[in-house]
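Trainee: Could we go through this model together? I should like to begin with the loop and then turn to the helices.

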Amino acid sequence: MSTKSLGSYVYEKFFQYELMTAIYVMEPWEKTLMNAILLTIVSLSFATFYQYTPIMVSKVTSLF
């Protein structure tokens with residue numbers, strides 16, 4: 001994959017993200033705020049999943 005095709009792929013995915021979330025109609029400061037909130041929610045979700053999944057799996061497997 002060349003740099004040009006990688007760049008166009010990333011641009012296309014970012015454009016799709018803006019269209020699907022309707023961020024393209026917001027002002028720049030609103031985009032920044034919404035992206036920060038979304039990034040925070042996703043980061044906290046991954047951290048929670050990483051921390052509590054082993055505990056829950058061990059509890060479930062101890063039942064059997």
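Trainee: Where does valine 25 lie?

Mentor: This is a predicted model. In it, valine 25 is found in the loop between α1 and α2, the latter covering residues 28-63.

Trainee: Is valine 25 buried or exposed?

Mentor: Valine 25 is exposed, at a relative accessible area of 60%.

Trainee: Which residues form a nonpolar patch on the surface with Val25?

Mentor: The patch consists of Tyr11, Phe15, Leu19, Tyr24 and Val25, and together they have about 560 Å² of accessible area.

Trainee: Staying with the loop, what is phi of alanine 22?

Mentor: It is near 60 degrees, a positive value in a residue other than glycine. As a rule, most residues other than glycine have a negative phi. Alanine 22 is also placed in the loop between α1 and α2, and it is partly exposed, with a relative accessible area of 37%.

Trainee: Now the aromatics. How many aromatic pairs does a search of the whole structure find?

Mentor: The search finds two. One is formed by tyrosine 11 and phenylalanine 15, which are stacked, with 6.3 Å centre to centre and 15 degrees between the planes.

Trainee: Why does that count as stacked?

Mentor: Because planes under 30 degrees apart count as stacked, and the angle for tyrosine 11 and phenylalanine 15 is 15 degrees.

Trainee: How many residues apart are tyrosine 11 and phenylalanine 15 in helix α1?

Mentor: They are four residues apart in helix α1, which covers residues 3-21, so about one helical turn separates them. Tyrosine 11 counts as exposed, at 58% relative accessibility, whereas phenylalanine 15 counts as partly exposed, at 41%.

Trainee: And what about the rings of phenylalanine 14 and tyrosine 17?

Mentor: That pair is tilted, because the planes are at 40 degrees; the ring centres are 6.1 Å apart. Both residues lie in helix α1, three residues apart, about one turn of the helix. Phenylalanine 14 counts as partly exposed at 44% relative accessibility, and tyrosine 17 counts as partly exposed at 25%.

Trainee: Let us move to the other helix. How many residues has α2, and what does it reach from its first C-alpha to its last?

Mentor: α2 has 36 residues and reaches 52 Å, close to the 52 Å expected at 1.5 Å a residue.

Trainee: Where does α2 bend?

Mentor: The bend is at tyrosine 52 and amounts to about 40 degrees. Proline 54 follows within four residues.

Conventions. Residues numbered from 1 in each chain as written. Predicted model: local features only at pLDDT ≥ 70, side-chain atom pairs only at ≥ 80, totals over all residues. Heavy atoms only, no water. Phe/Tyr/Trp six-rings, centres within 6.5 Å; stacked < 30°, edge-to-face > 60°. Helix = DSSP H or I, 4+ residues; strand = E, 2+ residues; numbered from the N terminus. Buried < 20%, exposed > 50% of the residue type's maximum accessible area, 1.4 Å probe, protein only. Patch = residues over 30% accessible without salt bridge, like charges linked within 9 Å, V, L, I, M, F, W, Y side chains within 5 Å. Areas by Shrake-Rupley, 256 points an atom, 1.4 Å probe, with all protein chains shown as cover. Salt bridge = Lys/Arg side-chain N within 4 Å of Asp/Glu carboxyl O. Expected span 1.5 Å × (residues − 1). Bend = angle between axes of the 7 residues up to and from the residue.
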